[in-house]
Amino acid sequence: VKQGCPPALVHLEDALDDLRRRQLFRERPAPHPSPWTTFCSNDYLALAGRRGPSAAAGATASRLVVGEHSEHLALERSAADLVGQPAALVFTSGYAANVGLLPALAGPDDRIVADALNHASLIDGARLSRARIVRVPHLDLTAVDRALAEPFSGRSVVVTESYFSMDADQPDLPALRAICDAHGAALVVDEAHALGVLGPEGRGLCAAAGVRADAVMGTFGKAFGAAGAFVAGCDALTTWLWNRARTFVFSTGISPALAAAAHAGLAAAAAEPERRERTLQAAGELRDGLQRLGVRPTGFGHIVPWLVGEASDALRLANALRERGVEVRPIRPPSVAEGTARLRFTVTAAHDPIEIERAIAVIGRLLREMAP
Ligand SMILES: Cc1ncc(COP(=O)(O)O)c(C=O)c1O
């Protein structure tokens, strides 16, 4: 028995050793701020380092009980306006939002048609709903149409991300909306990585496509530099979630101080469009630089994935880059499918052109050193 591990948990030591052997073990990163040039943060607009406004630290209870604060309501109004929906409800995280939302929309008699690469929170939400889950190949609209055409007596909900965080690609939202309408299905869109950066004024890819989803999820933990999340839609949806989303009902309301910080993040993103512009420009500089080195990053926008293949190769490249002062996360199974491990660069408004150039030079030198 290893020190500190109670007998009933010794098997965890073996499981950890197994992760290490398979190059899937996650090291704990150094505490912030990182000594490296990092390409792993979701602080896309470089807003997270700002001091938040002061407000009560705790909500004291679930919002259904006595946890309701004016900061919650103000944040919900702004979030709904951001995505052009009538109403929004704030959750403590995007994970909690998705895990609360899907079981509130679909039950055991219903079906959820889900993109195969949906985020873990959408997968877990779908599983918790106990609805029939139909996983369709990534971005495959024909498969969505086929799944919805199967005779079914319950309700159907189609769930997708608007900007997939591991591949930096997007579904054809107008076509997806049309398919949902043709079959009477609801459309749920997770805009976690798009909001704040992509779409007109950073209002996301539904806005860019002119599509109204039936439920939109957005998080304050990425571009808006805080934490917490929201689901937006019609009044009936948010009222239903207030009553029935278990991660909302049975959880302490989000800290009012955090709600105020998230609100300030939304306001700063709107008032300082140059942040968004710089993020996208920096991403373009990185994509161009990688192309010049013969690396073909996939997708578009501020997430720049470099597909490597094997988890061990992704880890080796990430370690070598870190030794040279550039920090980028190797993304390995189970976050992505076996054989599709990658380096995933996320670009933020804090990356200046010199920093990007320096990172490209480091990558170039490493590739030359590693060339056979
Ligand atoms: C697509 C997607 N949805 C939801 C989440 C969860 O959001 P949060 O970090 O606010 O829990 C994430 C990332 O964390 C995500 O990438």
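1. How far does a backbone N or O atom of Gly94 lie from an oxygen atom of the ligand? In this predicted model, the separation is 2.7 Å. Two side chains also come up to oxygen atoms of the ligand: an N or O atom in the side chain of His193 is 2.6 Å from one, and a polar side-chain atom of Thr219 lies 2.7 Å from one. The ligand has 380 Å² of accessible area on its own, and the protein covers 83% of that area.

2. The surroundings of the ligand deserve a second look, since the contacts above belong to a wider shell. In total 13 residues surround the ligand, and the closest are Gly94, Asp190, His193, Thr219 and Lys222. By type, the shell divides into three nonpolar, seven polar and three charged residues. Two elements give two or more residues each to this shell, namely helix H3 (94–105) and strand S7 (215–219); of the elements, H3 gives the most, with three residues.

3. Turning to the interior, the largest nonpolar core holds 49 residues, and the members that touch the most other members are Val113, Val144, Val158, Leu187, Phe220 and Phe230. A second, separate core of 27 residues includes Val295, Val328, Leu343 and Ile356. As background for a student, nonpolar side chains in soluble globular proteins tend to be buried together. Val158 can serve as an example to follow in the viewer: leaving aside residues up to four places away in sequence, Val158 touches Val113, Val144, Leu148, Leu176, Cys180, Ala185, Ala186, Leu187 and Val188.

4. Thr160 belongs to strand S5 (residues 156–161), and it counts as buried because its relative accessibility is 3%, which is under 20%. Not counting residues up to four places away in sequence, Thr160 touches Asp115, Asn118, Pro171, Leu173, Leu176, Leu187, Val188, Val189 and Asp190. One of these partners, Leu187, stands 27 residues from Thr160 along the chain, while the C-alpha atoms of the two are separated by 8.1 Å.

5. Is Ala232, in strand S8 (residues 229–233), buried or exposed? With 0% relative accessibility, Ala232 counts as buried. Beyond residues up to four places away in sequence, Ala232 touches Val83, Gln85, Ala87, Ala88, Asp214, Ala215, Val216 and Leu237. As a check on distances across the model, Ala232 and Arg51 are 181 residues apart in sequence and 27 Å apart in space, C-alpha to C-alpha.

6. Arg275 lies in helix H11 (residues 273–292), and it deserves some care from a reader, because at 19% relative accessibility it counts as buried, the limit being under 20%. A polar atom of the Arg275 side chain lies 2.9 Å from the backbone oxygen of Leu45. When residues up to four places away in sequence are not counted, Arg275 touches Leu45, Ala46, Leu47, Arg50 and Ala349.

7. Thr279 lies in helix H11, and its relative accessibility of 0% means that it counts as buried. A polar atom of the side chain of Thr279 lies 2.8 Å from the backbone oxygen of Arg275, which links this point to the previous one. Setting aside residues up to four places away in sequence, Thr279 touches Tyr44, Leu45, Val197, His302, Val347, Thr348 and Ala349. Leu45 and Ala349 appear among the contacts of Thr279, and they appear among those of Arg275.

8. Some backbone details in loops should be inspected by eye. Ala46, which is one of the residues touched by Arg275, sits in the loop between S1 and helix H2 (70–82); its phi is near 55 degrees, a positive value in a residue other than glycine. At 24% relative accessibility, Ala46 counts as partly exposed. Gln23, in the loop between helix H1 (10–21) and strand S1 (37–38), has a phi near 60 degrees, which is positive in a residue other than glycine. The relative accessibility of Gln23 is 32%, and Gln23 therefore counts as partly exposed.

9. A last backbone point concerns a peptide bond. Pro333 and Pro334 are joined by a cis peptide bond, with omega about 10 degrees. Pro334 is placed in the loop between strand S11 (329–331) and strand S12 (341–346).

Key: Residues numbered from 1 in each chain as written. Predicted model: local features only at pLDDT ≥ 70, side-chain atom pairs only at ≥ 80, totals over all residues. Heavy atoms only, no water. Helix = DSSP H or I, 4+ residues; strand = E, 2+ residues; numbered from the N terminus. Buried < 20%, exposed > 50% of the residue type's maximum accessible area, 1.4 Å probe, protein only. Polar contact = N/O pair within 3.5 Å; in protein donor to acceptor, adjacent residues only side chain to side chain. Contact = heavy atoms within 4.5 Å. Core = buried A, V, L, I, M, F, W, Y, C linked by side-chain atoms within 4.5 Å. Near = heavy atom within 4 Å. Areas by Shrake-Rupley, 256 points an atom, 1.4 Å probe, with all protein chains shown as cover. Nonpolar A, V, L, I, M, F, W, Y, C, P; charged D, E, K, R; others polar.
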